[in-house]
Amino acid sequence: MLTIGKLAEAGGVGVETIRYYQRRGLLAEPERGYHGGVRRYGERDVRRLRFIRSAQAAGFTLEQIGELLALDARDDRPRARALAREQIAVLDRKIAELAAARDALARLARECGGGGAGPCPILTAFDG
């Protein structure tokens, strides 16, 4: 059994993040031990915390993560799959935007390296 500090360490987050997830209903807040003792967390809590962090890394919002957790409890794979497909579409749009930004910056860097007269194209592009 783990303290909140050890749970946070196992999940790679801070204690306040654990408390935030608890307020959002994503993580359970266990009862205190005898006589108001320390709350103890188990391996299930560690797995759930790691799921939350992994889902966030995949771009899911906390609201979507809450829905995914609820879907898991109901074994609603079709809706979970739909959420994943929606997130893939979001990521594809972001990838396209980043690729366009990279291409534009590469073009500006080439123009800047051309050594022509006047201000650097990189500086003028971001001048507004």
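In which helix is Gln87 found? I looked this up first and found Gln87 in helix H5.

**Entry 1. Ground rules**

I noted that this is a predicted model, in which local features need pLDDT of at least 70, side-chain atom pairs count only at pLDDT 80 or more, and totals for chains, interfaces and linings use all residues. Residues are numbered from 1 along each chain as its sequence is written, and side-chain values use heavy atoms, with hydrogens and water left out.

I then read the confidence, given as pLDDT (the predictor's confidence in each residue, from 0 to 100). The chain has a mean pLDDT of 90, and 98% of its residues reach 70 or more. Confidence is lowest in helix H6, residues 121-125, at a mean of 83, and highest in helix H2, residues 15-23, at 96. Helices here are DSSP runs of H or I with at least four residues, numbered from the N terminus.

**Entry 2. Gln87**

I returned to Gln87 and asked whether it is buried or exposed. Gln87 counts as buried, at 5% relative accessibility; buried means under 20% relative accessible area, exposed over 50%, and partly exposed in between, with a 1.4 Å probe and protein chains only. Not counting residues up to four places away in sequence, Gln87 touches Ala58, Gly59, Phe60 and Gln64, where contact means heavy atoms within 4.5 Å. One of these, Gly59, follows H3 and has a positive phi, near 95°.

**Entry 3. The largest nonpolar core**

I looked up the largest nonpolar core, which has 20 residues. Such a core is a set of buried Ala, Val, Leu, Ile, Met, Phe, Trp, Tyr and Cys residues joined through side-chain atoms within 4.5 Å. Ile18, Tyr21, Leu26, Leu49, Ile52 and Ile65 touch the most other members. Two or more residues each come from helix H1 (4-11), H2, helix H3 (43-57) and helix H4 (62-74). H4 gives the most, with five residues. In soluble globular proteins, nonpolar side chains tend to be buried together.

I followed Ile65 further. Leaving aside neighbours within four places in sequence, Ile65 is in contact with Leu26, Phe51, Ile52, Ala55, Gln56 and Phe60.

**Entry 4. Helix H3**

I checked the length of H3. Its 15 residues should span 21 Å at 1.5 Å a residue, the expected span being 1.5 Å times one less than the number of residues. The end C-alpha atoms of H3 are 21 Å apart, which agrees. The buried residues of H3 are Asp45, Val46, Leu49, Ile52 and Ala55, and these pack against H1, H2 and H4.

**Entry 5. Salt bridges**

I counted eight salt bridges, each a side-chain nitrogen of Lys or Arg within 4 Å of a carboxyl oxygen of Asp or Glu.

Lys6 and Glu9 meet in one of them, at 4.0 Å from N to O. They are three residues apart in helix H1, and therefore separated by about one helical turn. Lys6 is partly exposed, at 45%, whereas Glu9 is exposed, at 58% relative accessibility.

I also noted the salt bridge of Glu63 with Arg24, whose closest N and O atoms are 2.6 Å apart. This pair links distant parts of the chain, with Glu63 in helix H4 and Arg24 in the loop between H2 and H3, 39 residues apart. Glu63 is exposed at 53% relative accessibility, and Arg24 is partly exposed at 34%.

Asp75 and Arg77 form a further salt bridge, with closest N and O atoms 3.9 Å apart. Asp75 is exposed at 57%, and Arg77 is exposed at 62%. I recorded in addition that Glu67, Arg79 and Glu86 are linked in a network of salt bridges.

**Entry 6. The aromatic pair**

I found one aromatic pair, the rule being ring centres of Phe, Tyr or Trp (its six-membered ring) within 6.5 Å, with planes under 30 degrees apart stacked, over 60 edge-to-face and the rest tilted. Tyr20 and Tyr21 form this tilted pair, 6.4 Å centre to centre with 50° between the planes. Tyr20 is partly exposed at 33%, whereas Tyr21 is buried at 2%.

**Entry 7. Leu108**

Which residues does Leu108 touch, not counting those up to four places away in sequence? I found Pro121, Ile122 and Ala125. Leu108 lies in helix H5, residues 77-113, and counts as buried at 9% relative accessibility. The C-alpha atoms of Leu108 and Ile122 are separated by 5.5 Å, although the two are 14 residues apart along the chain.
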